[in-house]
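Got your viewer open and a selection tool ready? Let's take a short walk through the inside of this model, one selection at a time.

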Amino acid sequence: MELAAIRHFADRNYCYALEKGRFLVRLETKRGDIAQVRLHTQEKYLPASLTKQVHDMKLACTDRYRDYYEAVISMDMVCARYFFQLEDSSGQVLYYGEQGFYEQCIQDVGQMFDCPQTLREEERFLLPGWAKNKVVYQIFPSRFATDKELPETVWYQAPIHHTTNLHGSLRGIINRLDYLHELGVDILYMTPIFQSKSSHKYDIDDYYAIDSSFGTKEDLKELVRKAHGQGMYVILDGVFNHTSTGFFAFRDLREKEEQSKYLDWYYVKNFPLTAKQGEKPSYKTFSYAGGMPKLNLHNKDTADFIIDVAAYWIKECDIDGWRLDVADEISHAFWKRFRREIKAAKPEALIVGEIWHYAGDFLGGDEWDSVMNYPFCQGLQDLIVNESRSPSAFLGDLGFLRGNLHRELEGYLWNFIDTHDTARFLHTAGQEPKKQRLAAALQLLLPGMPMLYYGDEVGMDGGPDPDCRRGMLWDKTRQNQNMLAWYQRLILLRHQEPVLTEGELVCQHAEDSKGLLVMKRRLDGKSATLIFHIKGGTISLPDFQGQTELISGRAFSGVLGEYEAAVLANDKTEG
């Protein structure tokens, strides 16, 4: 038994309340090392003979190196004391409590882990119920839709330059709401729409003004109102890490230097303020970009301003939340305050951080609700495009996230295959639509909040930024209609079959040599088996032949082609 790999802390990451009186307890072990785990619980302040219980723990998920065991228990105590009973494949039994291992069953409560019930219930991770497993659609406003007349040669130019103005607008988006509704979109997420001189608007001059090229505050109100009327929600992009150099505080700082009342709004190394090509600026910035000076959100006045902005647009236009740009470069203290005040303005507001790696330290329940799931995106790229990640390794990546984050977060992670910051998936996949269709299936048929980048559903192409931001393909002769039909069917299936997103993961396995991923879920007596073939050629699956295939609506032939997926209902086998 590998004792060094066994890990548990009596904190809200490993022992937390799912709801009042219902708790999840998690234990990590070395992968494949432990055959059985039992959880022993008792009340701290009452005799063990009256309160002691033993619970079998379930192997909930596995990553490349660890197994994650979980038990969900009912609790009505002042404070629970608990420990684990572990048995390995050789039959060795040890007991684990309060960071110690024992050969005999633990009797001393001082050697047990501790869980104050009320404390854990009061720090529950409360997530907006409306957002779970919803489909997000990312819009780059200047390139998505215009309400003006433009020649096709202008709108469909490719490649495209970052300064190109296609006159996209909020009115243009309003005019396309029916398209988004018919596609099955639940949430519109727009990149920044506030006053800025750039096309991307991530360098904001005025946070209280809609950029005039996009429209007005009244246009935003109308967009939100009409989206809500069609059952859709609207999320805005919050650029709170940095401003433009045209922002009032930075202009004052540049003019008055040490005498500026905004001196503490930024991180100034020395004066005069300079940002020369090839040199580090004399002030902190986003990514050494001199045009994006970094805000000092430890300064109360700066923090007050940003939180007022975020609350203003919620109250003024009834938006449904914020996606937070460069959010991992801002302090935890600020985000804790941000959450408290934004949730006070709108308790069901959704807060999603941008971070390009694992974000567990921001997802404890007192900062963000979710993140843009870059590990999922990179995993799909390596699995399907680069072919550098095996199916079993991809399952391990999913297992790592599931085993290390709050259980509820699985339904809130923004799973995407590309964004405005990356090349289009179709581009990286070498213009092979079948690979994008497979990526879309993995994105849309698993739990989480799949985020579609505008135009992916019609086969939009584009290299790295800025070429990934071309004008949306509205001309049907330019669209890949087969791709569009595929996305429509997957989204419809996702909405119609909650077993795909809400169902218990009964089993899953990978066969790397065959390029095969198989997952089975069950909900309310209904089951579905998802099969993904991540390889060229065909694969025969005779055990599943004849079952109803839900994507096509036909009986499954028992054969999958290259880079194909299937969803089988009422399958005959358990594995």
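Start by selecting helix 12, residues 391-404: in this predicted model, helix 12 gives five residues to the lining of the largest cavity, the largest share. Now add strand 5 (58-62), strand 21 (504-511) and strand 22 (516-523), which also give two or more residues each to that lining.

Next, zoom in on the space itself. The largest cavity holds about 290 Å³, and 22 residues line it. To find its centre, show Leu-398, Arg-402, Glu-410, Pro-447 and Arg-521, the lining residues that lie nearest to it. Colour the lining by class and you should get 13 nonpolar, five polar and four charged residues.

Keep helix 12 on screen and bring in strand 2 (22-30), strand 5 and strand 6: helix 12 lies across these three strands, at about 125° to strand 5. Add strand 1 to complete an open, antiparallel sheet of four strands, ordered 1-2-6-5. Its edges are strand 1 (15-19) and strand 5, each paired on one side only. On average, neighbouring strands in this sheet are turned by 35° against each other, direction ignored. For a close-up, pick strand 5 and strand 6 (residues 66-74), which pair over four bridges; Thr-62 has Asp-67 of strand 6 as its bridge partner.

One more stop: the second largest cavity, with about 50 Å³ of space. Select its lining, which includes His-357, Tyr-358, Met-372, Asn-373, Leu-401 and Leu-413. How many charged residues are in this lining? There are none; the classes are eight nonpolar and two polar.

Technical notes. Residues are numbered from 1 along each chain as its sequence is written. This is a predicted model: local features need pLDDT of at least 70, side-chain atom pairs count only at pLDDT 80 or more; totals for chains, interfaces and linings use all residues. Side-chain values use heavy atoms; hydrogens and water are left out. On a 1 Å grid over the protein atoms alone, a cavity is a set of points where a 1.4 Å probe fits but cannot get out, and a pocket is an open set with protein on both sides within 12 Å along at least five of seven lines; lining residues have an atom within 4 Å of a point. Grid points are joined across faces, edges and corners, and a volume is the space filled by probe spheres set on the points. Ala, Val, Leu, Ile, Met, Phe, Trp, Tyr, Cys and Pro count as nonpolar, Asp, Glu, Lys and Arg as charged, and the others, Gly among them, as polar. Two strands pair if DSSP finds at least two bridges between them. Axes are lines fitted to C-alpha atoms, for helices over the stretch in contact, and angles run from 0 to 180 degrees between N-to-C directions. Contact means heavy atoms within 4.5 Å.
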